[in-house]
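Subject: Handing over the structure

Hi,

Here is the structure I promised to pass on to you. Have a look at it first, and then read on for what I found in it.

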Amino acid sequence: MMKKKLTSTSLVGLIFEFFKKNSSRDIAHPEIVDWAVQEWKKRTGKVFRDPDRAIRTLHERGYLKKIKKGVYHYDSSRVNVKRLKAFSIDQKNKILKRDNYKCVICGRGKNEGMELHVDHIKPRYLGGKSRIENGQTLCSQHNFLKKNFKQTETGKKMFLRLYELSKKENNELLKSFCQDILKTYEKHDINGQIKWQQ
């Protein structure tokens, strides 16, 4: 199954093909994306919609080593393929039911026209298990945000937006609550790259 997904006729396989041709070299994100977009268009006549996701998939599965933000490395002698077990259908149904079929971040669900996903709170590639207590319901929008920014980054950005809203509405209780949360981020030195002004 893994080999089938990594053929050059798939998006992930195309990215992997590039890394194999350029093994043992640190490669910056723009170089990979530019090549993949052009090559996919040349081979299929179609637009490569999400090269970032394909790169992330290879990294999560253990095919690529992340050197630093936006730089990846492939070395065939160091590939450590991870078998990432997904939630079962039964587990997904229990998680959706527990969360009242609504996104735990925004509270929207199918009644609001949102597509719902069952997400691993701690990602599988970081060792998160496919257990009900490690699952949460997210709308497609917040699932996308979480995959691009780690869970703590998504949360901090949400509290920053809520903090700005509380200032505009002169809601002192909400403002104080957000400040306490954001100070906790600073206290534990989490996501310091995301700045906020009191």
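Let me start with a pair of helices. Helix α3 passes helix α4 in a right-handed crossing. On the α3 side, the residues that make the contact are H29, I32, V33 and V37, while α4 brings P51, D52 and I55. Sorted by class, this contact has 5 nonpolar residues, 1 polar residue and 1 charged residue. In general, a packed pair of helices is described by the angle between the axes and by the distance between them. Here α3, which covers residues 29–44, and α4 pack at an angle of about 115 degrees, and their axes are 10 Å apart. Please keep in mind throughout that this is a predicted model.

Staying with α4 for a moment: is this helix enclosed or open? It spans residues 51–60, and 8 of its 10 residues are buried, so α4 is largely enclosed by the rest of the structure. The buried residues are P51, A54, I55, R56, T57, L58, H59 and E60. Two of the names, P51 and I55, may look familiar, since P51 and I55 also belong to the contact with α3. Just after the helix you will come to G62, which takes a positive phi of about 95 degrees.

Now a step back to the whole chain. The protein chain holds 8 helices and 5 strands. Read from the N terminus, the order of elements is α-α-β-α-α-β-β-α-β-β-α-α-α. Of its 198 residues, 37% count as buried. Looking at contacts between residues at least 6 apart in sequence, 52% join residues that are at least 24 apart.

The strands come next. Strands of a sheet pair through backbone hydrogen bonds, in a parallel or an antiparallel way. One open sheet has 3 strands in the order β1-β3-β2, with antiparallel pairing. At its edges stand β1 (27–28) and β2 (65–68), each with a single partner strand, so one side of each is left without a neighbour in the sheet. Between β2 and β3 (residues 71–73) there are 3 bridges, again in the antiparallel sense. If you want a spot to look at, K65 has H73 in β3 as its bridge partner.

Further along, β4 (residues 116–120) and β5 (residues 135–139) run antiparallel and are joined by 5 bridges. L116 stands opposite C139 of β5, and V118 has T137 of β5 as its bridge partner. How covered are these two strands? In β4, 4 of the 5 residues are buried, so to speak a mostly covered strand. In β5, 5 of the 5 residues are buried, so this strand is largely enclosed by the rest of the structure. Both faces of β5 are covered, with G135, T137 and C139 buried on one side and Q136 and L138 buried on the other.

Finally, the charged pairs. Side chains of opposite charge can pair when their charged atoms come close. A search of the whole structure finds 8 salt bridges, and here are three of them:

- E17 forms a salt bridge with K21, with the closest N and O atoms 3.1 Å apart. E17 and K21 both lie in helix α2 (residues 11–21), 4 residues apart, which is about one turn of the helix. E17 counts as buried at 15% relative accessibility, whereas K21 counts as exposed at 59%.
- R43 forms a salt bridge with E39, where the closest N and O atoms are 2.8 Å apart. R43 and E39 both lie in α3, again 4 residues apart, about one turn of the helix. R43 is partly exposed, with a relative accessible area of 37%, and E39 is buried, with 13%.
- R98 and D99 meet through their side chains in a salt bridge of 3.0 Å, N to O. R98 is partly exposed at a relative accessible area of 40%, while D99 counts as buried at 15% relative accessibility.

There is also a wider link: salt bridges that share partners join E17, K21, E39, K42 and R43 into one network.

I hope this helps you find your way around.

Best wishes

Technical notes. Residues numbered from 1 in each chain as written. Predicted model: local features only at pLDDT ≥ 70, side-chain atom pairs only at ≥ 80, totals over all residues. Heavy atoms only, no water. Buried < 20%, exposed > 50% of the residue type's maximum accessible area, 1.4 Å probe, protein only. Pairing = 2+ DSSP bridges. Axes fitted to C-alpha atoms, helices over the stretch in contact; angles between N-to-C directions. Left-handed = near helix turned anticlockwise from the far one by under 90°. Contact = heavy atoms within 4.5 Å. Nonpolar A, V, L, I, M, F, W, Y, C, P; charged D, E, K, R; others polar. Salt bridge = Lys/Arg side-chain N within 4 Å of Asp/Glu carboxyl O.
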